[in-house]
Amino acid sequence: MAHYPKQTAILAYGDGGFRFADGLCRGSLLSLPSGMYDWPPTELARLTEGDFTTLAAERAAFDIFLLGTGPVMVRPPAAIMAAFARWGLAPDWMETGAAVRTHNLLIAEGRRVAAALLLVP
């Protein structure tokens, strides 16, 4: 998994990727207090618990968790929601564009945020 060692605002998204600071991610993106990571999942329906191991490992480092569900807002699968509950996570899920805007606002406010953002084709 590629890693940019600083969490930062997302400058652009769409066309299958994200642009931020000095980085470019082709595909989905995981933004954590430890930095920005290429994130392999591409579809909400195919998410597994294993897709969130990095996020779960950093649980103590953030207070807010955003889940960008792609081009439309869709409730995450029940199995993923159950895993979030076990890990003590209460995600705010929304379409990816809204999640990017919320992420950037929270970063600007100095809030402790994590975001798992599925790509927008």
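How many bridges join strand β1 (residues 3-4) to β6, and do the two run parallel or antiparallel? In this predicted model, two bridges link β1 to β6, and the two strands run antiparallel.

**Strands around β6**

One of the pairings between these strands places H3 opposite its bridge partner Y37 in β6. Strand β6 (35-39) also pairs with β5 (28-32), and here five bridges join two strands that again run antiparallel. Within that pairing, S31 has M36 of β6 as its bridge partner, and the two strands form a hairpin with two residues between them. β6 is mostly covered, since four of its five residues are buried.

**The open sheet and helix α3**

A separate heading is needed for the open sheet of three strands, whose order is β2-β3-β4 and whose pairing is antiparallel. Its edge strands are β2 (10-14) and β4 (23-26), each of which pairs on one side only. Averaged over the sheet and with direction ignored, neighbouring strands are turned by 10° against each other. Between β2 and strand β3 (residues 17-20), which run antiparallel, there are four bridges, and A12 stands opposite R19 in β3. Helix α3 (residues 96-108) packs on this sheet, where it touches β2 and β3, and the direction of the helix makes about 175° with that of β2.

**Helix α2 and the glycine that follows**

Helix α2 (residues 78-86) has I80, M81, A83 and F84 as buried residues. Seen down the axis of α2, these buried residues fall within an arc of 160°, so they line one face of the helix. A78, A79, A85 and R86 lie on the other side of α2 and are exposed. The packing partners of the buried residues of α2 are β7 (64-68) and β8 (92-94).

After α2 comes G88, whose phi is positive, near 75°. G88 is placed in the loop between α2 and β8, and with a relative accessible area of 45% this glycine is partly exposed. Although G88 and A56 are 32 residues apart along the chain, their C-alpha atoms are separated by 9.1 Å.

**Nonpolar cores**

In soluble globular proteins, nonpolar side chains tend to be buried together. The largest nonpolar core of this model has 18 residues, and those with the most contacts inside this core are W39, F52, L55, F65, L67 and F84. At least two residues of the core are supplied by each of β5, β6, β7, α2 and β9 (113-117), with α2 giving the most, namely three residues. F84 therefore appears both among the buried residues of α2, which line one face of the helix, and among the core residues with the most contacts.

L55 can be followed in further detail: when residues up to four places away in sequence are not counted, L55 touches L30, L32, F62, F65, L89 and A114. Apart from this core lies another, of 16 residues, which includes F18, M94, L106 and V113.

**Salt bridges**

Side chains of opposite charge can pair when their charged atoms come close. The structure holds five salt bridges, and the table lists some of them, with the separation of the closest N and O atoms in each pair.

| Basic residue | Acidic residue | Closest N and O atoms |
|---|---|---|
| R46 | E43 | 3.7 Å |
| R101 | E95 | 3.4 Å |
| R111 | E109 | 3.5 Å |

The accessibility of the partners adds to this picture. In the pair of R46 and E43, R46 is exposed, with a relative accessible area of 64%, whereas E43 counts as partly exposed at 40% relative accessibility. E95, which forms a salt bridge with R101, has 23% relative accessibility and counts as partly exposed, because the buried class is reserved for values under 20%. In the pair of R111 and E109, R111 is partly exposed, with a relative accessible area of 43%, and E109 likewise counts as partly exposed, at 47% relative accessibility.

Conventions: Residues are numbered from 1 along each chain as its sequence is written. This is a predicted model: local features need pLDDT of at least 70, side-chain atom pairs count only at pLDDT 80 or more; totals for chains, interfaces and linings use all residues. Side-chain values use heavy atoms; hydrogens and water are left out. Buried means under 20% relative accessible area, exposed over 50%, partly exposed in between (1.4 Å probe, protein chains only). The arc is that of the directions from the helix axis to the C-beta atoms. Contact means heavy atoms within 4.5 Å. Two strands pair if DSSP finds at least two bridges between them. Axes are lines fitted to C-alpha atoms, for helices over the stretch in contact, and angles run from 0 to 180 degrees between N-to-C directions. A nonpolar core is a set of buried Ala, Val, Leu, Ile, Met, Phe, Trp, Tyr and Cys residues joined through side-chain atoms within 4.5 Å. A salt bridge is a side-chain nitrogen of Lys or Arg within 4 Å of a carboxyl oxygen of Asp or Glu.
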